[in-house]
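Please open the structure in the viewer and keep the selection panel at hand. The tour proceeds by selections, each followed by what is to be found there.

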Number of protein chains: 2
Amino acid sequence: MKKRDSIILTDAVESLQDIMQILSPTQQEELRHCMAIQTFKKNEALYQEGEVPQMLHCLIHGKVKIYKDGISGRTQIIRVIKPVEYFGYRAHFANQNYVTSAAAFETSTVCLIPIEMIEKWIMENSEFAMFFIKLLAIEVGNSDQRTVNLTQKHIRGRLAESLIFLRDNYGLEEDGATLSIYLSREDLANMSNMTTSNAIRTLSAFAQEKIIAIDGKKIKIIDGESLERISKIG
Amino acid sequence: MKKRDSIILTDAVESLQDIMQILSPTQQEELRHCMAIQTFKKNEALYQEGEVPQMLHCLIHGKVKIYKDGISGRTQIIRVIKPVEYFGYRAHFANQNYVTSAAAFETSTVCLIPIEMIEKWIMENSEFAMFFIKLLAIEVGNSDQRTVNLTQKHIRGRLAESLIFLRDNYGLEEDGATLSIYLSREDLANMSNMTTSNAIRTLSAFAQEKIIAIDGKKIKIIDGESLERISKIG
DNA sequence: CGCAAAACATGCTATATAGCAGAAAAAAGA
DNA sequence: TCTTTTTTCTGCTATATAGCATGTTTTGCG
């Protein structure tokens, strides 16, 4: 058990290369001492809307969704996380409680770092500060783009876009065509701002048009160009 | 002319208090030397999607919209700026060209600061860095909330929300009821993710229900509570 | 393994919102 | 001031998408 933990920790430290490189030797040492590893099962919540943000999260293994529960039981998936990405720190810097929730799509390993330490290093280390400015700046741009896509594109365009995004973000399996993430129709709907029925229907339509092939939750992209075209024209 | 300019400059320096306070005396001096003032007429563009970001903008007087042109001629107003707020810097830190455009709702005075100077001061001054981390962190939260509101609320809810937002952001006139910003129905529609026709129709409906009173572009909020309720339930 | 629960599929209906046309009013410009 | 252009308004129609019901398949669990 002890051995297994330390292997995971070594793993984690390796994953944190991007910020490790920026930190000073002293800060690196501090990080090694304050970080913790936690594993979440499929569908388990990492944090929930309303809670006080205390940890910066860094995804080491697995897949995570960030979502908001909205009007009348509808959920919007705001962002999906892949290794190695940072999340769960924004609310702290905005002096807010979490306004989103996070849950694991599948078994996921997360490295947790106390947010006060992050803040401390930001104040000590301007490159470290710039690292987070960059992350946030990119995120604002993505969020604005998402707003326009979700509001202006039609159902087919939105679903096509989600499929393309999943391909580009999580990649494909060895066959070079099957999405390497297996989402429920509901999750796909919640990413694409539509009802589950419509996600099912539209997915079937794409399959009938030979743009994709579906085998349960497995989705194979057959005609990526058509998908791009559908996504682009809306 | 020279005198008028310097009065405006003094004005601007006063408006920049929040960042002036954070900067060191040397940096303050640098800021005074590199800043410029520019005035934009109603509907004039401050910058456009695709351009290279070179200046941080700070609105001194007036009202500005940040928007994105989307599918088939539709426009989404992403954010509206009031004095004294900073904008136009995000793209630089994300290493992108502008992905949004900015234009003046009405005659507006803007203070322009070279973005390289901002970056320099961020690297020199951790409090200054933290200032921008906070701005961006708040902006990501707003953007995520906007996504859910625009996608999940119905037309009445979205318009009600826009009206409330305009009241809270730009305030009311002396009568304590009239919005102090006069927007076209089209701008109102572009804020609320609907067609101009529907903005007009829904506005008329609100007027008929005695929730607001309309006199051309003047909008008077009569029943703020109803508006809040309509906005909340979607 | 067998059962219950969840997820998926399909068809039908209801409805919110877009789109368009034509007129009136307001604003801009000459 | 008169003319032209833009904006606002109203009504009608078209359509995209939600909502619901029902059956089937898959998944999870005791």
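**The interface of chains A and B**

Select chain B and chain A together: about 3,900 Å² is buried between them, 67% of it on carbon and sulfur atoms. Buried area is the accessible area (1.4 Å probe) that two parts lose on being put together, summed over both. On the chain B side, I71(B), I133(B) and Q152(B) lose the most area to chain A, together 17% of what that side buries.

This is a predicted model, in which local features need pLDDT of at least 70 and side-chain atom pairs count only at pLDDT 80 or more, whereas totals for chains, interfaces and linings use all residues; side-chain values use heavy atoms, with hydrogens and water left out. Residues are numbered from 1 along each chain as its sequence is written, while chains are lettered from A and ligands numbered from 1 in the order in which they are written.

Next, display the contacts (heavy atoms within 4.5 Å). Here 41 residues of chain B are in contact with 41 residues of chain A. Twelve residue pairs, both at pLDDT 80 or more, are in polar contact between the two chains. A polar contact is a pair of N or O atoms within 3.5 Å; within protein, one must be able to donate a hydrogen and the other to accept it, and residues adjacent in sequence count only if both atoms are side-chain atoms.

Colour chain B by secondary structure, where helices (H or I, at least four residues) and strands (E, at least two) are DSSP runs numbered from the N terminus. Helix 6 of chain B gives the most to the side that touches chain A, with 22 residues. That side divides into 17 nonpolar, 13 polar and eleven charged residues. In this classification Ala, Val, Leu, Ile, Met, Phe, Trp, Tyr, Cys and Pro count as nonpolar, Asp, Glu, Lys and Arg as charged, and the others, Gly among them, as polar.

**Salt bridges**

Which residue forms a salt bridge with D144(A)? Select R146(B): its closest N and O atoms with D144(A) are 3.8 Å apart. A salt bridge is a side-chain nitrogen of Lys or Arg within 4 Å of a carboxyl oxygen of Asp or Glu. The rule finds two salt bridges across this interface.

Within chain A, select K120(A) and E30(A), a salt bridge with closest N and O atoms 2.9 Å apart. The pair links distant parts of the chain, with K120(A) in helix 5 (residues 115-124) and E30(A) in helix 3 (residues 25-34), 90 residues apart.

**DNA strand D**

Select the residues near DNA strand D (a heavy atom within 4 Å). There are 16 of them, and I155(A), N198(A), R185(B), R201(B) and K217(B) come nearest. A polar side-chain atom of N198(A) lies 2.4 Å from a phosphate oxygen of the strand, and a polar backbone atom of I155(A) is 3.1 Å from a phosphate oxygen. For a base, select R201(A): an N or O atom in its side chain is 3.2 Å from a base oxygen.

**DNA strand C**

Finally, select DNA strand C, which 15 residues surround; the closest are R185(A), R201(A), K217(A), N198(B) and R201(B). Sugar and phosphate account for 68% of the strand's atoms that come within 4 Å of the protein. Phosphate oxygens of DNA strand C lie 2.9 Å from a polar side-chain atom of R185(A) and 2.4 Å from one of N198(B). The surface near this strand has three nonpolar, six polar and six charged residues.
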